[in-house]
Amino acid sequence: LTWEWMSEFRLQASGGAGGSVSGSDQEWYGQGAMISLSAVPDAGFAFAGWSGDSFSKQTPLELTIDRPKSLTANFAADTDGDGLADDWERANLGDLSSGANDDPDNDGVGNADEFIRGTDPSFKEELVSDDGFPSRWENVKRDPAQSGLWVVQDFGGGYKGPSENTN
């Protein structure tokens, strides 16, 4: 008698109010499977990021199944249809008149990328490390007298998130 063992892990992917998730056609995947999930906003909504086992704002989100994972695609109102959440636009730009490609701080990073990175579009970012990862940009709107530096770090496999780099 020969036993052939294969580990499988459950993937739970769902869309919150205002959208759905595509790319997950089954609930169980073999260990090491590569999955690409896309957040699909309904009309009048923008993708606001993943929650659960990833805090990325990337879509599609590339995953390697190495353990059970649970993800929710979150959406926010986007009444002007520019792909930017209205709440983010009001908080960071004052109103809904700016477009996704506008660059109010002239740092070469448009509003859509500022939204994805979680950076402030009215403060110019500086490249702190040219290691090939686009996430090594720092928003200099912090008090340099405070200890620690928060950056958006690329952990690989579609996972990006805040990382504290203590001084």
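## Pairs, cores and bridges: a conversation

Trainee: How many aromatic pairs does the structure hold?

Mentor: This predicted model holds 3 aromatic pairs. One of them joins Phe47 and Trp50.

Trainee: Why is the pair of Phe47 and Trp50 called edge-to-face?

Mentor: Let's take the distance, then the angle. The ring centres of Phe47 and Trp50 are 5.4 Å apart, and rings pair if their centres lie within 6.5 Å. The planes of Phe47 and Trp50 stand at 65°. Planes over 60 degrees apart count as edge-to-face, so the name fits. Phe47 and Trp50 also belong to one aromatic cluster with Phe75.

Trainee: How do you know whether Phe47 is buried or exposed?

Mentor: Look at the relative accessibility of Phe47, which is 10%. Buried means under 20%, so Phe47 counts as buried. Trp50 is buried too, with a relative accessible area of 3%.

Trainee: Which residues touch the most other members of the largest nonpolar core?

Mentor: They are Leu11, Ile35, Leu37, Trp50, Leu63 and Leu71, in a core of 14 residues. At least two residues of this core come from each of the strands β1 (8-15), β4 (34-41), β5 (45-52), β6 (61-64) and β7 (69-77). Apart from this core lies another, of 7 residues, including Ala76, Ala85, Leu93 and Phe115.

Trainee: What is Leu71 in contact with, leaving aside its neighbours within four places in sequence?

Mentor: Among its contacts are Leu11, Leu37, Trp50 and Leu63. Leu71 is also in contact with Gln12, Ser51 and Asp53, among others.

Trainee: What makes Lys57 a charge over the ring of Phe115?

Mentor: The charged end of Lys57 is 4.1 Å from the centre of that ring. The distance cut-off is within 6 Å, so 4.1 Å satisfies it. There is a condition on direction as well, and the charged end of Lys57 is indeed listed as sitting over the ring of Phe115.

Trainee: Let's turn to charges. Why is the contact of Glu27 and Arg10 called a salt bridge?

Mentor: Their side chains meet at 2.4 Å, N to O. A salt bridge needs the nitrogen within 4 Å of the carboxyl oxygen, so this pair qualifies. The structure holds 3 salt bridges.

Trainee: What does the pair of Glu27 and Arg10 tie together?

Mentor: Glu27 lies in the loop between β2 (19-22) and β3 (28-30), while Arg10 lies in strand β1, so the pair ties together parts that are 17 residues apart in sequence. Glu27 is partly exposed at 36%, and Arg10 is partly exposed at 34%.

Trainee: How do you know that Arg67 and Asp53 form a salt bridge?

Mentor: Their N to O distance is 3.5 Å, and the cut-off is within 4 Å, so the pair counts. Arg67 is in the loop between β6 and β7 and Asp53 in the loop between β5 and β6, so parts 14 residues apart in sequence are tied together.

Trainee: Why is Lys69 called buried, whereas Asp66 is called partly exposed?

Mentor: Lys69 has a relative accessibility of 4%, and under 20% means buried. Asp66 is at 42%, and values between 20% and 50% mean partly exposed. Lys69 and Asp66 form a salt bridge, with their closest N and O atoms 3.3 Å apart.

Trainee: Where is Lys69 found, and what else does its side chain reach?

Mentor: Lys69 is found in strand β7. The side chain of Lys69 reaches the backbone oxygen of Thr64 at 3.4 Å.

Key
Residues are numbered from 1 along each chain as its sequence is written. This is a predicted model: local features need pLDDT of at least 70, side-chain atom pairs count only at pLDDT 80 or more; totals for chains, interfaces and linings use all residues. Side-chain values use heavy atoms; hydrogens and water are left out. Rings of Phe, Tyr and Trp (its six-membered ring) pair if their centres lie within 6.5 Å; planes under 30 degrees apart count as stacked, over 60 as edge-to-face and the rest as tilted. Buried means under 20% relative accessible area, exposed over 50%, partly exposed in between (1.4 Å probe, protein chains only). A charge sits over a ring if NZ of Lys or CZ of Arg is within 6 Å of the ring centre and within 35 degrees of the ring normal. A nonpolar core is a set of buried Ala, Val, Leu, Ile, Met, Phe, Trp, Tyr and Cys residues joined through side-chain atoms within 4.5 Å. Helices (H or I, at least four residues) and strands (E, at least two) are DSSP runs, numbered from the N terminus. Contact means heavy atoms within 4.5 Å. A polar contact is a pair of N or O atoms within 3.5 Å; within protein, one must be able to donate a hydrogen and the other to accept it, and residues adjacent in sequence count only if both atoms are side-chain atoms.
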